[in-house]
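Student: I should like to learn how the terms used for a protein model are justified. May we go through one together?

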Amino acid sequence: MALCGNAHTVDPASAQQDYARLLGPGERVHAAYLLIRDTILFTDRRLIMVDKQGITGKKVEYHSIPYRSITHFAVETAGTFDLDAELKIWISGSQVPVQKTFTKGVDIYEVQAILTQFVAR
């Protein structure tokens, strides 16, 4: 599932409060990104993808991916004519990657570094 639009960083403390009901005891948000209506949270335990659905966005799917389930990932930087960068994440048991698109408002190298920090443990 790919998304387009204005991606930007979200203050981790703000995301911690906004998504407190999703977090386990002692779980901390280290980084968060808003992609149009959807959000990606990097916690110290897992990757959480918040997918708002429908016209109103009232229906929400929360996709939780433990870092240990990520077999590999790739980032594709923005080009001259294609201004969007992509993050692709392969999860064990699935041949199709989860894809997220970031605009130039987000440093894709920063996203890659955060993911590396947790997956390479």
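Student: What pattern does the protein chain follow, read along the sequence?

Tutor: This is a predicted model. Read along the sequence, its protein chain follows β-α-β-β-β-β-β-β-β-α, with two helices and eight strands.

Student: What makes the radius of gyration of the protein chain agree with that of a compact globule?

Tutor: The rule is 2.2 Å times the number of residues to the power 0.38. For 121 residues a compact globule would have a radius of gyration near 14 Å, and the protein chain has 14 Å, so the two agree. The C-alpha atoms fill a box of roughly 45 × 35 × 25 Å along the principal axes.

Student: Why is strand β8 called mostly covered?

Tutor: A residue is buried if its relative accessible area is under 20%. Four of the five residues of β8 (residues 98-102) are buried, and the strand is accordingly described as mostly covered. Across the 121 residues of the protein chain, 38% count as buried.

Student: How do you know that strands β7 and β8 pair?

Tutor: Two strands pair if DSSP finds at least two bridges between them. Five bridges join β7 (residues 85-91) to β8, and the two run antiparallel; the criterion is therefore met. Isoleucine 89 stands opposite valine 98 in β8.

Student: How many residues lie between β7 and β8 in their hairpin?

Tutor: Six residues lie between them, and glycine 93 in the turn has a positive phi of about 90°.

Student: What share of the exposed area do carbon and sulfur atoms supply?

Tutor: They supply 52% of the about 7100 Å² that the protein chain exposes.

Technical notes
Residues numbered from 1 in each chain as written. Predicted model: local features only at pLDDT ≥ 70, side-chain atom pairs only at ≥ 80, totals over all residues. Heavy atoms only, no water. Buried < 20%, exposed > 50% of the residue type's maximum accessible area, 1.4 Å probe, protein only. Areas by Shrake-Rupley, 256 points an atom, 1.4 Å probe, with all protein chains shown as cover.
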